[in-house]
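This report looks at aromatic ring pairs and at a nonpolar surface patch. Please view the chain shown here before reading on.

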Amino acid sequence: MPAGRPALIALTALAPVSWGTTYAVTTEFLPPDRPLFTGLTRALPAGLLLLALARVLPRGAWWWKAAVLGALNIGAFFPLLFLSAYRLPGGTAAAVGSVGPLCVVGLSALLLGQRPTARSVLAGVVAAFGVSLVVLKAAGALDALGVLAALASTASMSAGTVLTKRWGRPEGVGPLALTGWQLTAGGLLIAPLALLAEGAPPALDAPAVGGYLYLALANTALAYWLWFRGIGRLSATQVTFLGPLSPLTAAVVGWAALGEALTPVQLAGMALAFGATAAGQLGPRARAAGPSRPFSSPFSSPTRKGRKDSMDLTGPALRR
């Protein structure tokens, strides 16, 4: 692995690790039953802030490309992820989302011409199995709409990841501007949905304000900038294999901060998922991004305020 590459991977990994704290912040500080409002307050303010910092707007075809990427990575992903989290048993949405690396491997073959290797497929299967051991619990019949929403959210993020890598970014435009474009487009897409489905914004106390500030600044603006920066310099499969760190982080935070228990089976699942994540970084080096090449994911979703089941980790990576 070339010098400096481990540091790049570690910085990119901070994004899904940050997303893994979303579950704890949502359950401990934010108003209950407001998933779309929470998604909106994460995406739109962060996007506008990055636009103000970058001072670069899309040009030409990049107006529609930014809109498509913003819809796939943010605008469609968040609502679908929330819907699955509220309709499925604890952890099931996160388990479905953990097949994201396999989706990206397949889409990379179709759209990027990157032939899947046996190692990447095996690592994807092991990662999904490991995450499932961490987050799944026994449940009865699954809600069909919830399962479809979970699959659709995973497909949306996977497609956004590969298209971001395929389209790259315009010459002279950095990942800060690209991130701002997508967050703003995604936030504008969520805004009418939040208003129609949830009505007026809720009253906020000081902890809620602090929680939303954390989600908008550190958990979204900074995390997504690191994510897209990594996408521009790593392969699509390398970046997406960092995604399982989100539900795993949520499990660790739940154990350390919320007093949730970790069973031997969950610990074994963590070891498998971490091993698969590491194996996913051993793929062939992607071409230098130059002025064109980036990409995107979180793998979980917020759950309702007060739920502290150690297996109920559908909300960790949610924002994105």
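## Basis and a buried tyrosine

Y212 counts as buried at 6% relative accessibility, where buried means under 20% relative accessible area, exposed over 50% and partly exposed in between, with a 1.4 Å probe and protein chains only. This is a predicted model, in which local features need pLDDT of at least 70 and side-chain atom pairs count only at pLDDT 80 or more, while totals for chains, interfaces and linings use all residues. Residues are numbered from 1 along each chain as its sequence is written, and side-chain values use heavy atoms, with hydrogens and water left out.

## Aromatic pairs

Rings of Phe, Tyr and Trp (its six-membered ring) pair if their centres lie within 6.5 Å, and planes under 30 degrees apart count as stacked, over 60 as edge-to-face and the rest as tilted. The count by this rule is seven aromatic pairs. One of them joins F37 and Y212 edge-to-face, at 5.5 Å centre to centre and 90 degrees between the planes. Because F37 lies in helix α3 (residues 35–54) and Y212 in helix α11 (residues 206–233), this pair ties together parts 175 residues apart in sequence; helices are DSSP runs (H or I, at least four residues) numbered from the N terminus. F37 is buried too, with a relative accessible area of 12%.

Ring pairs also link W19, Y224, W227 and F228 into a cluster.

## Nonpolar patch

L49, L53, L204, V209, L213 and L217 make a nonpolar surface patch of about 520 Å², patches being made of residues with over 30% relative accessible area and no salt bridge (a side-chain nitrogen of Lys or Arg within 4 Å of a carboxyl oxygen of Asp or Glu), with nonpolar side chains (Val, Leu, Ile, Met, Phe, Trp, Tyr) joined within 5 Å. Accessible areas come from the Shrake-Rupley method with a 1.4 Å probe. The elements giving two or more residues to this patch are α3 and α11, and α11 gives the most, with three residues. L204, found in the loop between α10 (175–198) and α11, is partly exposed at 38% relative accessibility.

Technical notes: Patch = residues over 30% accessible without salt bridge, like charges linked within 9 Å, V, L, I, M, F, W, Y side chains within 5 Å.
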